[in-house]
Amino acid sequence: MSGALISIAVVQVLTILVGLLRAKGLALLLGPADFGVASTIDQVVVTLVTFGGLALPFTAMKFMSHAHSQGEASFQRIASGFLRVLTGLGLVTALVASIVVVLFPTLFGADLASYQTVMQVAVLGVPSALLLIFLVNTFAASQRPAVGAAINLAGVAALGAAAVAGAWRGGLAGLYLASVVAAVVTSIVGMGYVARKLAVRWRTPHAGVLGELRAQPSILTNAGTFYAAMCASTVAMLILRTTVLGQLGATAAGHLQAAFSLALTVGAVLQPVSNLVLVPLVNREAPAADKCDSANKFASQMMVLLLVGALPVLVVPEILMRLLFSSAFVSAASVLWLFVLWQCVFQLMYVYQQLLVGLDDILFVGVMSVAGFVAALTLGSPLVRWLGLGGVAIALAVGMTLTGVGLVVRLRVSHRCRISRRVTWRFVGLLAIAAIAGVLFAGPTGLASDTIMARVAFVVAVLGATWLVLAPEERDPRLWLSVVRPGE
């Protein structure tokens, strides 16, 4: 897998750019209010994908990775079994969701009730969404993460182009009609590709999940744990979005989506790299100490990349808001640094969450994930009422911190795995830099030459200090061109 890390990172950068182009197009075509409504409807679809998929697209990754180490035949049988189940689940979910939208139009919030027709179209994309996620994870589990990343890029590009074209021709309704059509076509083409390259098909002989459940009953427990954690995550995000929509209005919901989009770009390269590289690595057969060592090394490198990705968002937030969305979104720049802080906490927590999954401590991961999102929800409504959009970021950051502390304690007590000092100090430094940049540069401060020079000086100082604290071996570019392996 040498060289996979940088190739995946490059593909993910392109994927981010495509996503930002989609957001830019929709922001200009729809305006902040409809853009906020669309983001809330998107979250409804994500919630349905999570509930309907029973977390199997992600649970399957663990077991397909293990099966791949046992041979191609075992991998094809298990992957094909998951494919059959997910296809059925997607179709059932879309049918049930369509009926629910008609019978209970206020279920997803009273503010979305007037968009019932648009919602009905949007939920039809659930089956294709499940299949596309599974497709990418299948290639990752087969030790072809770069291919999975490239397929994801192609899918995002196709769906983004369709969304912008649909919004241009027909507003919100056109956006979702075009998106559903593109998703169906993309998933069909993708399934044909995975059948040709990996021999994973609906009709693979002896394929099935029931047989795997009998052989490995832990699959059911793992799926249930993942399911609870992912449901808590998507429900929390949906409730936070509808809270903003209800308390602050549709325009604020659009500003929230802009803040989410920019903050998520900070970790948008790293989380897929974690999924496609670290997750298969820590789920293969290896000693626990080696897995812990790999996670620490991965997290250490990730902190540096996270800082580099965060600096533009922290230093010129108002310019990015204007450039990537429009001048109507600039007011959200004042709270953007809080969303970056949340992403920093989340990205580090995610690495050690996956390590615990690889150590088969999945139940604890699920419990702490649910606890974190419950905490975020508990704080969300009052913080939004008191602090506006910044309250959403603070609630999420506090919830992720609670989850992360629980994971770290569990790793040390139950698995004798310590978070390395290098990771700890880099994380503390990253949070400090984000907070300082937020205080100095948040909000529309204009383009005066002294302001520009102050920002340039800040970036130069931060990057210079980062170079000085790098270990000698980390200054070798070859380190960033390879994947961390156990025991290295």
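This report describes the overall make-up of a predicted model and then turns to some of its helices, its disulfide and its salt bridges.

**The chain as a whole**

In this predicted model, the protein chain has 17 helices and 0 strands. Of the 488 residues in the protein chain, 55% are buried. When contacts with a separation of 6 or more are considered, residues 24 or more positions apart account for 83% of them. The surface that the protein chain exposes comes to about 19900 Å², and carbon and sulfur atoms supply 70% of that area.

**Helices α13 and α16**

Helix α13 has 23 residues, and the distance from its first C-alpha to its last is 33 Å, close to the 33 Å expected at 1.5 Å a residue. This helix is mostly covered, since 22 of its 23 residues are buried. Just after α13 comes aspartate 360, whose phi is positive, at about 65°.

Helix α16 covers residues 421-441, and its 21 residues should span 30 Å at 1.5 Å a residue, which agrees with the 30 Å between its end C-alpha atoms. The buried residues of α16 are Val423, Arg426, Phe427, Leu430, Ile433, Ala434, Ala437, Gly438 and Phe441. Seen down the axis of α16, these buried residues fall within an arc of 130°, so they line one face of the helix. The exposed residues Arg421, Trp425, Val439 and Leu440 are carried on the face of α16 that is turned away from its buried side.

**Helix α11 and the disulfide**

Serine 300 is found in helix α11, and its relative accessible area of 5% makes this residue buried. Once its neighbours within four places in sequence are left aside, serine 300 is in contact with Arg422, Val423, Arg426 and Glu474. Two of these partners, Val423 and Arg426, are listed among the buried residues of α16.

Helix α11 also takes part in a covalent link, for the structure holds 1 disulfide, and this disulfide joins cysteine 292 to cysteine 417 with an S to S distance of 1.8 Å. Cysteine 292 lies in helix α11, whereas cysteine 417 lies in the loop between α15 and α16, so the pair ties together parts that are 125 residues apart in sequence. The torsion about the S-S bond of cysteine 292 and cysteine 417 is about 75°, and the disulfide is therefore right-handed. Cysteine 292 counts as buried at 9% relative accessibility, and cysteine 417 counts as buried at 2%. Two further cysteines can be described in this way: cysteine 231 is buried with a relative accessible area of 8%, and cysteine 344 is buried with a relative accessible area of 0%.

**Salt bridges**

Side chains of opposite charge can pair when their charged atoms come close. The count in this model comes to 4 salt bridges, and the table includes three of them.

| Acidic residue | Basic residue | N to O distance |
|---|---|---|
| Aspartate 293 | Lysine 297 | 3.4 Å |
| Glutamate 318 | Arginine 455 | 2.7 Å |
| Aspartate 361 | Arginine 410 | 2.7 Å |

Aspartate 293 and lysine 297 both belong to helix α11 (residues 288-315), and because they are 4 residues apart there, about one helical turn separates them. Aspartate 293 is partly exposed, with a relative accessible area of 27%, and lysine 297 likewise counts as partly exposed, at 28% relative accessibility.

The salt bridge between glutamate 318 and arginine 455 links distant parts of the chain, with glutamate 318 in helix α12 (residues 317-324) and arginine 455 in helix α17 (residues 449-469), 137 residues apart. Glutamate 318 counts as buried at 2% relative accessibility, and arginine 455 counts as buried at 4%.

In the salt bridge between aspartate 361 and arginine 410, aspartate 361 lies in the loop between α13 (336-358) and α14 (362-387) and arginine 410 lies in helix α15 (residues 389-415), so the pair ties together parts that are 49 residues apart in sequence. Aspartate 361 is buried, with a relative accessible area of 9%, whereas arginine 410 is partly exposed, with a relative accessible area of 28%.

Key. Residues are numbered from 1 along each chain as its sequence is written. This is a predicted model: local features need pLDDT of at least 70, side-chain atom pairs count only at pLDDT 80 or more; totals for chains, interfaces and linings use all residues. Side-chain values use heavy atoms; hydrogens and water are left out. A salt bridge is a side-chain nitrogen of Lys or Arg within 4 Å of a carboxyl oxygen of Asp or Glu. Helices (H or I, at least four residues) and strands (E, at least two) are DSSP runs, numbered from the N terminus. Buried means under 20% relative accessible area, exposed over 50%, partly exposed in between (1.4 Å probe, protein chains only). The expected span of a helix is 1.5 Å times one less than its number of residues. The arc is that of the directions from the helix axis to the C-beta atoms. Contact means heavy atoms within 4.5 Å. Accessible areas come from the Shrake-Rupley method with a 1.4 Å probe; for residues, only the protein chains shown count as cover. A disulfide is a pair of cysteine sulfur atoms within 2.5 Å.
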